[in-house]
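Student: I have a model open and would like to talk through the terms used for it. Could we go from each term to the evidence behind it?

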Amino acid sequence: MTDQRPTPQSIDDFIALRRGIHAAPELGFKEFGTSDLVARLLEGWGYEVERGVGRTGVVGTLKLGAGERSIGLRADMDALPIVEATGLPYASANPGVMHACGHDGHTTILLAAARDLAERRNFSGTVRLIFQPAEEMEGGAVKMIEEGLFERFPVDAVFGMHNWPNLPAGEFRFINGPTMASVDWIVISMEGKGGHGAKPHETVDPVVAAASLVMALQSVVSRNVDPKDPAVLTVGMIHGGAAPNVIPDKVELQITVRAFRREVAALIGERVRVLAEAQAASFGAKVVIRHPTGYPALTNHDAETDFARDVAQRHFGSDRVGELAPQMVSEDFAFMLEQRPGSYLFVGNGPSADLHSPHYNFNDDVIEPAARYWVALAEDYLAANAPAGGKA
Ligand SMILES: [Zn+2]
Ligand SMILES: [Zn+2]
């Protein structure tokens, strides 16, 4: 990130800005260069800027006229620990770190909208632009909320947007109600008694107990969860042993659980505990279970989602607007929607590699329509025809 870069004016300037951010990706809570760039640009366009909200988060406020309503628009800034394989001329210059989820695009879209909102001055009320750190793993939204995001920077409603690969570029998709799943992690240490691989009778073999547990867990979603409730239980990691002729002392399993309802996630967590303890006992082994809190399910609010869809239809036409099925992936914007009414929407990225792939790239053609959408949403929300909003 250079200090000398001129203030972006045209869409081409914003495309260059996006590529600059792409080349200099930063991991969660380390978005120092990115958040500094964001803060300086917002200041240049006349926003009141607060840095360091949730460590590297930035909030820009633009107040115009006497309107009392306020809207929050949120973008995420963090990259992922992935080795980029796109071969692009502006590929990551920070080895092992990559913008593989398009947060470089989300940040640029909101900056382009910021510039236009400030230039058009076509609303009466308060626009708050929330540039969030650490979406991918560490819950940057929680950190911002803990540091008083919505008390210090009140909004009546808050909106977020994610690009969506293989949806036509610049088309918009909306979901009412449950939109993205909760995610929980469960870490199980299956503890036995190691020994020589030729003398299994003198050991308590945690490999066999762990293997049995993996199979037993397959019945949780199929036999315990109501078939009407979507849920996933994946054993994504299993580690144990170092040699074929040695029985290890322990095996570690790591599980992710995804669901749309808290009760379902809790039921799965409880069934995992019961099965892990019972399976271990049947082999004479023991388990140690850790169950750190993850992200809640993301549930869009109806009035705000209907409003956001209506804005897209009026400004872009019905043929560029549609619905998306709820997704089992997770997103920490869920925490913001637990605090304030709002909606999380999707913009097509065109044909592309999937999110989190080392071959993924954000589509620059999306910047213009997506920024124009943010401007339309803010201007229309701060006009008279909007829903009442919440003061929760
Ligand atoms: Zn991601
Ligand atoms: Zn993302």
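Tutor: Gladly. A cavity is a set of grid points where a 1.4 Å probe fits but cannot get out. The model here is predicted, and a search of the whole structure finds one cavity of 30 Å³ or more.

Student: What makes the space in the largest cavity count in that search?

Tutor: Set the volume against the cut-off: the search asks for 30 Å³ or more, and about 40 Å³ of space lies in the largest cavity. The cavity is lined by R74, A75, H106, I109, L110, M161 and W374.

Student: How do you know which elements supply at least two residues of that lining?

Tutor: By placing the lining residues on the strands and helices: β3 (70–76) and α3 (103–120) each supply at least two. The largest share, three residues, comes from α3.

Student: What is the make-up of the cavity lining by class?

Tutor: Five residues are nonpolar, one is polar and one is charged. Arg counts as charged, and R74 is in the lining.

Student: Why are C101, H103 and H162 called donors of the zinc ion (ligand 2)?

Tutor: A donor is an N, O or S atom within 2.8 Å of the metal. C101 (SG), H103 (NE2) and H162 (NE2) lie 2.1 to 2.3 Å from the zinc ion (ligand 2), so they meet the cut-off. Along the chain, these donors follow the spacing C-x1-H-x58-H. The pair H103 and H162 links distant parts of the chain: H103 is in helix α3, H162 is in strand β5 (residues 157–164), and they are 59 residues apart.

Student: Which residue bridges the two zinc ions, ligand 2 and ligand 1?

Tutor: C101 does, and the zinc ions lie 3.1 Å apart.

Student: Are H103 and H162 buried or exposed?

Tutor: Both are buried. Buried means under 20% relative accessible area, so H103 and H162 each fall under that value.

Student: Why do β1 and β15 stand at the edges of the sheet?

Tutor: The open sheet of eight strands runs β1-β2-β4-β3-β5-β16-β6-β15, with mixed pairing. β1 (48–51) and β15 (321–323) each have a single partner strand, so one side of each is left without a neighbour in the sheet. From one strand to the next, the twist averages 25°.

Student: What makes β5 and β16 a pair?

Tutor: Pairing needs at least two bridges, and β5 and strand β16 (residues 342–348) share seven, in the parallel sense. N163 stands opposite V347 in β16.

Student: Why is a pocket not called a cavity?

Tutor: The probe cannot get out of a cavity, whereas a pocket is an open set. The largest pocket holds about 520 Å³ of space. Of its 22 lining residues, E136, R258, V329, S330 and H356 are the closest to its centre. β5, β8 (182–191) and β12 (250–259) each supply at least two lining residues, and by class the lining divides into 11 nonpolar, six polar and five charged.

Student: What is the volume of the second largest pocket, and which helix gives the most to its lining?

Tutor: The volume is about 330 Å³. Among the 16 lining residues, S182, R262, Y295, P296 and A297 are the closest to the centre. α7 gives the most, with three residues.

Terms used: Residues numbered from 1 in each chain as written. Chains lettered and ligands numbered in written order. Predicted model: local features only at pLDDT ≥ 70, side-chain atom pairs only at ≥ 80, totals over all residues. Heavy atoms only, no water. 1 Å grid on protein atoms, 1.4 Å probe; cavity = no way out; pocket = protein on both sides within 12 Å on 5 of 7 lines; lining within 4 Å. Points joined across faces, edges and corners; volume = space filled by probe spheres on them. Helix = DSSP H or I, 4+ residues; strand = E, 2+ residues; numbered from the N terminus. Donors = N, O, S within 2.8 Å, 3.2 Å for Na, K, Ca; no water. Buried < 20%, exposed > 50% of the residue type's maximum accessible area, 1.4 Å probe, protein only. Axes fitted to C-alpha atoms, helices over the stretch in contact; angles between N-to-C directions.
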